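Student: I am new to this structure. Please take a close look at one helix and what surrounds it.

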Amino acid sequence: WRRHFPHRQGWKKRNIFYLLLLISFAAVPVQSIRGICYDQQVTRMEKVARSFEPVLSQSDDQKVDVARLLAACRSYAELTQEMGQTAVARDMESNIRKAERLFSVAPVHERQYLASLLELERKRGMHGPGGELSDSSAAAGLLWLRRSIAFQTELYSALLRSIDPKEAALEAYRSQVQPYHGWMLRRLFTTKFLSMMPPRRDMLATLGGFPMNEFGDEEEKTTLQDLEHLVLVWRPILSHWKRTYEELDLEDTRQV
């Protein structure tokens with residue numbers, strides 16, 4: 001199989017790296033926000049929500065606008081860089097560039113929306129049978145961007161229900177990422193990841209962009225409100241995003 005589908009080995013290596021990035025992203029150290037000028041009117045989570053709001057078209061047949069999606073993902077990657085998560089930002093940027101390579105050469109009428117862009121790439125025959133994606137493809141980049149955002153969506157949703165960050169992270173992992181991991185990566189996640197999760201209040205301060213010594217009840221309330229707004233913005237986008245992959249038989253479900 002290696003001879004016919006050499007991209008499979010790259011897929012496995014890349015997703016081991018993805019797991020490590022996922023771990024470091026959720027466990028953002030509070031120290032990373034110190035010295036950053038915070039905009040008192042807009043939290044980090046509200047900035048992310050606003051960048052994603054235009055992604056889903058407002059027409060009757062709602063579609064994912066690719067240019068706006070990539071712009072929002074890049075804005076999100078820049079935010080992770082701001083929070084000190086350099087490796088995460090680089091990985092997101094790598095996935096964004098995979099999609100942009102195709103977007104930049106695709107005919108205008110085939111690149112505006114996610115479904116037509118992915119269909120264009122699928123017709124070129126670069127994927128394996130049964131939805132096995134080439135690791136260098138736009139489809140692969142967008143798939144892992146979606147799974148990363150889906151993980152964060154479930155993590156934030158659990159935090160909004162006052163669930164402890166460790167349990168919230170485990171819940172999000174089990175529903176969004178674990179199905180694609182073999183036993184080795186599952187063990188790595190549940191042992192390494194849980195030991196890195198900060199206390200809930202520390203995590204909320206980081207997500208809001210507040211230094212801990214300025215994070216009071218009002219700041220926590222604002223952060224939670226903006227976190228809820230972000231989750232509400234993300235959910236319909238993720239739903240359309242995933243449905244598009246399923247309809248085109250591009251939902252690569254291989255375990256790594």
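Tutor: Begin where confidence is low. Across residues 1-6, pLDDT (the predictor's confidence in each residue, from 0 to 100) stays under 50. The model gives that stretch six contacts (heavy atoms within 4.5 Å) beyond four places in sequence. Residues 29-39 also stay under 50, with 23 such contacts beyond four places in sequence. Over the protein chain, the mean pLDDT is 85, and 84% of residues reach 70 or more.

This is a predicted model: local features need pLDDT of at least 70, side-chain atom pairs count only at pLDDT 80 or more, and totals for chains, interfaces and linings use all residues. Residues are numbered from 1 along each chain as its sequence is written, and side-chain values use heavy atoms, leaving out hydrogens and water.

Now the setting. The protein chain has 11 helices and zero strands. These are DSSP runs, numbered from the N terminus: helices are H or I with at least four residues, strands E with at least two. Of the 256 residues, 54% count as buried. Buried means under 20% relative accessible area, with a 1.4 Å probe and protein chains only.

The part to study is helix H6, residues 114-123. Its buried residues are Leu114, Leu117, Leu118, Glu119, Leu120 and Glu121. What covers them? The cover includes helix H3 (66-82), helix H4 (86-105), helix H5 (108-111), helix H7 (138-160) and H11.

Take H11 next, residues 217-247. H6 packs against H11 at an angle of about 30°, with the axes 10 Å apart. Because of that angle, H6 is roughly parallel to H11; the cut-off is under 35 degrees. Axes here are lines fitted to C-alpha atoms, for helices over the stretch in contact, and angles run from 0 to 180 degrees between N-to-C directions. The crossing of H6 and H11 is right-handed, meaning the near helix is turned clockwise from the far one by less than a right angle.

Which residues make the contact? H6 supplies Leu114, Ala115 and Leu118, while H11 supplies Trp241, Thr244 and Tyr245. By class, that contact has five nonpolar residues, one polar and no charged. Nonpolar covers Ala, Val, Leu, Ile, Met, Phe, Trp, Tyr, Cys and Pro; charged covers Asp, Glu, Lys and Arg; the others, Gly among them, are polar.

Leu114 and Leu118 are among the buried residues of H6, and both belong to the contact with H11. Last, look just past the helix. Gly125 follows H6, and its phi is positive, near 75°.

Methods
Parallel < 35°, antiparallel > 145°, perpendicular 65-115°, else oblique. Buried < 20%, exposed > 50% of the residue type's maximum accessible area, 1.4 Å probe, protein only.
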